[in-house]
Amino acid sequence: MKLCRTCHKQLHYNNLWLRCQQHAMHSQIKMTERSGKCNILKFVKVLSFAFIFVILVIFVAATVRTLTFDVNAGLQLAPWEKTNNIAYDINQQQRGELLANFKDAIRIPTVSTSRTDQNTTALRDFNDLLRKAFPTVFSSHLVQHEVVANYSHLFWVPGSDLALVPYMLLAHIDVVPAEESDGWDAPPFSAKEIDGFIYGRGTIDNKQSVMGILQALEYLLIRGYSPQRGFFIGLGHDEEIQGLHGAMNIVKLLKKKGVQLAFVLDEGLAVLDGVITGLQGPAALIGISEKGHATVKLSVSMAPGHSSMPPWESSIGILAGAVKRLEDNPMPRLFGEGPERGTFEHLAHKFGLPLKFVMSNMWLFSPLLGRVMERSPETNAFVRTTTAVTMFNAGVKTNVLPSQAEAYVNLRIHSSQSLQEVLDLIQSIVGDERVKMELMHGFDPLPISSYDETSFGFQIIKKTVLDQFPQVTVAPGICIGNTDSRHYTDLTKDIYRFAPTWFRPGDAQRFHGINERISKKNYEELVGFYFNLIQNCDIKDLPSPHSAVHEL
Ligand SMILES: [Zn+2]
């Protein structure tokens, strides 16, 4: 005899029953409920396992990448072609002469104030200075020289091997205005020495390169050097006001001659020492692109009227609303979609954990990093197209409603956006037909130059930097400002923007700011850099990264 398991009544049916009919039914319902819950639980369990598995796979992949990621793999291990390099050793007398030439250049106020206002007397004096400072360059049968647009200079040094594609070095002679009363520690055109630094407008933008390149060539010629690979030197006189006469006319001349260039090296980025938080050692950033640019005029026109009977909205109010909307709605976050990704990946191995882990895995972390970087204006510039309202004009009298209100917006376009996309976005953010939009000036971001193991220009610049400064990490970077080199895109696909000017914390503010300066040591290093670079360009081919791996 069997009893119901629940109520212990006697069971009347067969032995399979464990409960009376009533309780058996309850139990079945409970079983069905339980099995439903069971299925959901099972599903959640599978889902959790799958989730944990995916996280684990991502973590393992990211860890493997962190441990093995090496942008220098191969190339640094391969032997470089041997060239008969002349060593850069200068004696005391040359050191004095080199600094004196540089100081003379700083003392000439070659200021570009606006497109219609340049100090042409100073530019003429600068022409004379170059001839006086570099007599060998101007008298050597190896160098051809041409003055372009009165104050710019084009030099051509033919190479002995005609099969080698020439390259070009660029710099600019003009400077932005500077007033001692702005707070300079020394008059801005004095080239005064303070604690081993030469102070003056142009010391880091960009007379260090103008004088550095020609000084290096002067020394090379004196030492009997003649290049295998030909090269041009282009010195513009109006870069600070867009290079419309200097750089553009030099390019016109070269185009007429059918010149194509292996690469161009212009001003731009520098060696950053202690500037990037968390990075071990200094970083030499070679600019491989520049942000694009747009200046947009927004205007509202209305019938003028007396302030005693104002309409509900004034031209000023409508325009102010549009400007506010532009500030409240920044352009989309694009961090990691442009070449800034390469910068972080090249620097990753010089960071400690956990930053090394993050930077080796930009494919995973760039959205997160973008959010962190947009918090400061300095780093936000790398995250998106920036929007800056720079001018706002309206009204002439306190009791008259102005008929016209206008504002200028200056935008620096991220590498992965086009000028047209930005203009469309402004239109939709402003969203008011009464606000007229006019593009005053603009261009797309510059093409991205190559920086892989087969990129001749990038690797030659990198080798020259590492030979001279072994403690430095070289990485590609983006220029957020613009240079003369943007006019050269028809002559080459590879444009680099770099000089080994050392920037320590606070130095970036000296650029176009007060107390612009360079150390005497750094200027000597710059001459050495160009001295070695010109010779390194005689290398015919880069070492093959693959053969190097096999040799191991
Ligand atoms: Zn400059």
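Begin by selecting Glu239, which in this predicted model sits in the loop between strand 8 (231–236) and helix 6 (246–256). Glu239 counts as buried, because 28 C-beta neighbours lie inside 10 Å and the cut-off for a buried residue is 20 or more. If you set aside neighbours within four places in sequence, the residues in contact with Glu239 are His172, Asp174, Gly246, Ala247, Thr483 and Asp484.

From that list, select Asp174 next; this residue belongs to the loop between strand 5 (167–172) and strand 6 (193–194). Asp174 is buried too, with 30 other C-beta atoms within 10 Å, and its contacts, again leaving aside neighbours within four places in sequence, are Thr110, Ser112, Gln118, His237, Asp238, Glu239 and Glu240.

Now display Asp174 and Glu239 together, since an unreviewed UniProt entry lists both under "active site". They are spread over 66 residues of sequence, yet they cluster in space, with a largest C-alpha distance of 6.7 Å.

Then move to helix 10 (residues 362–373), whose 12 residues place the end C-alpha atoms only 14 Å apart, short of the 16 Å that a straight helix would reach at 1.5 Å a residue. Colour Met362, Ser366, Leu369 and Gly370, the buried residues of this helix; viewed down the axis of helix 10, these buried residues fall within an arc of 110°, so they line one face of the helix. Turn to the face directed away from that buried side, and you will find the exposed residues Pro367, Leu368 and Arg371. Finally, add helix 8 (340–347) and helix 9 (355–359), which are among the elements covering the buried residues of helix 10.

Terms used:
Residues numbered from 1 in each chain as written. Predicted model: local features only at pLDDT ≥ 70, side-chain atom pairs only at ≥ 80, totals over all residues. UniProt positions renumbered as here; feature names shortened; annotations may be inferred. Helix = DSSP H or I, 4+ residues; strand = E, 2+ residues; numbered from the N terminus. Buried ≥ 20, exposed ≤ 12 C-beta atoms within 10 Å, placed from the backbone. Contact = placed C-beta atoms within 7 Å. Expected span 1.5 Å × (residues − 1). Arc of directions from axis to C-beta.
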